[in-house]
Every structure is written in structure tokens, then in C-alpha cells.
Amino acid sequence: MSQKSPQSNSGLGDEKKDIKKQQLKIKLSQKTSTIVEEKEVEVPKCPYCGSTHLNYDAETGQIVCAKCGTVIEQHVLDQGPEWRAFTPEEKEHRARTGGPITRHTSEALTTTIDWTLKDASGKELDLRRKLEILRYRKWQQRVRVQTSYERNILQALNELNRISSQLGIPKTCVDEALVIYEQALQRGLVRGRSVEAIATACLHMACRKLGMPRSLDELTKYTKASRKEVARCFRLLARELGVRLPLSDPKLYVPRIVEQLKLSGEILREALKILDEAKRKGLTAGKDPAGLAAAAVYIASLLKGEVRTQKEIAMAAQVTEVTVRNRYKELARELNIKIPIK
């Protein structure tokens, strides 16, 4: 027996109606198994009158024929959200989904057993329960990382996060470095080499690609690998992966030097102006960008009266005083800059 019910106006928006119609098409086509072509389903029809005008009642969960009033299906589950949104901004704000925290590991989707051997009330566990929790924690770590590939990726990720937290490197550089490391791992470039050295070289390469350069001296200060080993791995990755890195612009080092020395924005603008003029005359080719930036900041500080010593600027730029002195004299001579005598 078919039930009859009056035609119901769902009052839903056009967007929700289109979604429900698509779901209905797929569901009814799966029941009738009438597929005309691949990725094409037959338009659902009323089994009594043959009408294709079907309405979905969200309150009762029924699919009703708009022509004869036949209830085609009951208790249809609403797979949409339980909240309502009337603007795109409100819909985005209320959504509970998003991209994964990291695309390489699933740690964000698992529960971690804490090292605190206490129950919910804060009471100390007995010895038998402690040993049981320790076994649970051990097997959880084994299940989470099963293959040697995953263990290698996780070890590199921990190293990258440690170095980036020490130097204040943004997460975008860490993600890019992890992508480069994964490519190196797939090509077998990590075998026989230190994971710390390869990870540091990948981070240096990612920082240069994204325009946030960090020198090898800065990176190797917080890792066990030597600068020579990291530089060798960096050249290997650039050659084998075919990565073409842009030359580091000296202007990228200027804001960091100015910030560390607590100089004004006028010094920043003057140093950038000096570097633009030096680049136009071809004085930056083959020179260390950090040394050029330090020399430009030193000249700007002398011109604007906010004097800093060569030692202070060299420490901020992670170069030697000799480098600052040589680049300073060269820029002042070639650009005809008259340095006031203090």
C-alpha cells in the first residue's frame, strides 16, 4: 500500500534542493541499476505516475511525488550539517573541517597516551597498571610508524621542526623542505648519508626558494652535521633533483639586520636604495649577499647618524668584520658615497 500525503513545500534554498536531487538521483539509480553510460544515471521517476517532479521533505525525511503525492521513500537521512548559514563568510566560519595539519603523518588524527601515570582523578596508578600503560604506549608508537620510509620521514620532520623553532623559520618553509626531503628519499639520495645533514640542506633550499634565506652557518649552528657536510648534501640535492634556485637578493637580509640592531625605518630605506644602485652597476655579482647587506646598512647608519660599529653589524649579519669592511669600502668607492667623518 502506498501512503498519500499533501504536497509539501520544503522551504529549502535552491542550493540545498540541488544537492538533495543529486543524492536522490544516485540513490535511485543504484536501486534500479539502470546506467545509460559511464558516469551517467537515469533521472528518477515516480513508480506510479512516471513523474520526475519529486520533492524532499526535510522535516519528515520523505521523498514525495509532486504530481500524485505518492511517498516514494521514508526516513531519508539528512547528510548535511545541523547548522544553517546564510552567507559564504558565515558558512566558512561554522565549518568544522579543513586541511590536515601535516600531509605526511597522521598524528593529528590519533590519540597520544600521556606519560603521566595517573588516573582521571589524579591518583597514582599501581605497578601492574603502569606496566600495562607502558606496553600500550610502545605498541601505539609501533603501529603509528610501520615502515622504514615513514620512520625516516618522521625523523626528518622532527629535525626540521627543531631547527625551525630555534631560528624562527615559518611553517611554509618547513613544509617545502619536507617535500624536497621526500623527493630525495624516493630517489635514494638519503641512503648512506646523515639525516640531519640532508634535512638541513633541504631546509636551506626551501628557504632560498621561498625568498626567506638562511645561511648555512646559521642552520649548522643548531644541528650535529658540519657545515662542509651540509654544503655537500645541498649541492647533491640541487644536482640530482634539478632544482634551479634563484640567487639570493641582498635586500632580503636588510630587514633582519635592521631589526636586530633596533635601527629606524629611514636606515632601512637608505640601505635598500644603496643596494639597488649597486645592483644597477653590477657590483653585487659574485659577492656574498649577507656581506653586501651588512655593508649597505653600515653605510646608511653613518649617513643618517645612527652609527653602529662594524662588529655589531657583522654579528647581526652572521659575517666577519673583514667582509663588512671590504664591502663597505668597495660600495663607497664605486658609488661615490661621501662618508661623513665622525
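Reader: How does Gln74 count in terms of relative accessibility?

Author: In this predicted model, Gln74 counts as partly exposed because its relative accessibility is 35%. That class lies between buried, under 20%, and exposed, over 50%.

Reader: Where along the chain does Gln74 lie?

Author: Gln74 belongs to the loop that links strand 3 (71-73) to helix 2 (88-94).

Reader: What separation in space is found between the C-alpha atoms of Gln74 and Asp57?

Author: Sequence distance and spatial distance are to be read side by side. Gln74 and Asp57 are 17 residues apart along the chain, and their C-alpha atoms are separated by 9.6 Å.

Reader: Let us turn to helix 3. Which residues gather in the patch of positive charge on the surface?

Author: The patch of positive charge consists of Arg128, Arg135, Lys138 and Arg142. One of these, Arg135, sits in helix 3, which spans residues 127-144. Arg135 has 47% relative accessibility and so counts as partly exposed. A residue enters a patch only with over 30% relative accessible area and no salt bridge.

Reader: Which residues make the nonpolar surface patch?

Author: Trp115, Leu127, Leu131 and Leu134 form a nonpolar patch of about 460 Å² on the surface. Among them, Leu127 is placed in helix 3. Leu127 is exposed, because its relative accessible area is 64%.

Reader: Is Arg137 buried or exposed?

Author: Arg137 is also placed in helix 3. With a relative accessibility of 4%, Arg137 counts as buried, since buried means under 20%.

Reader: With which residues is Arg137 in contact, leaving aside its neighbours within four places in sequence?

Author: With those neighbours set aside, Arg137 is in contact with Ile113, Asp114, Trp115 and Leu117. Of these contacts, Trp115 is also a member of the nonpolar surface patch.

Reader: Finally, the backbone. What is the sign of phi in most residues other than glycine?

Author: Phi is negative in most residues other than glycine. Two cases with the opposite sign can be examined here. Lys262, which is not a glycine, has a positive phi of about 60°. Lys262 occupies the loop between helix 9 (254-261) and helix 10 (265-280). Its 62% relative accessibility makes Lys262 count as exposed.

Reader: Where is Asn336 placed, and what is its class of accessibility?

Author: Asn336 is in the segment that follows helix 13 (321-334). Asn336 counts as exposed, at 61% relative accessibility. Its phi, near 55°, is a positive value in a residue other than glycine.

Note on methods. Residues numbered from 1 in each chain as written. Predicted model: local features only at pLDDT ≥ 70, side-chain atom pairs only at ≥ 80, totals over all residues. Heavy atoms only, no water. Patch = residues over 30% accessible without salt bridge, like charges linked within 9 Å, V, L, I, M, F, W, Y side chains within 5 Å. Areas by Shrake-Rupley, 256 points an atom, 1.4 Å probe, with all protein chains shown as cover. Salt bridge = Lys/Arg side-chain N within 4 Å of Asp/Glu carboxyl O. Lys, Arg positive; Asp, Glu negative; His and termini not counted. Charge placed at Lys NZ, Arg CZ, Asp CG, Glu CD. Helix = DSSP H or I, 4+ residues; strand = E, 2+ residues; numbered from the N terminus. Buried < 20%, exposed > 50% of the residue type's maximum accessible area, 1.4 Å probe, protein only. Contact = heavy atoms within 4.5 Å.
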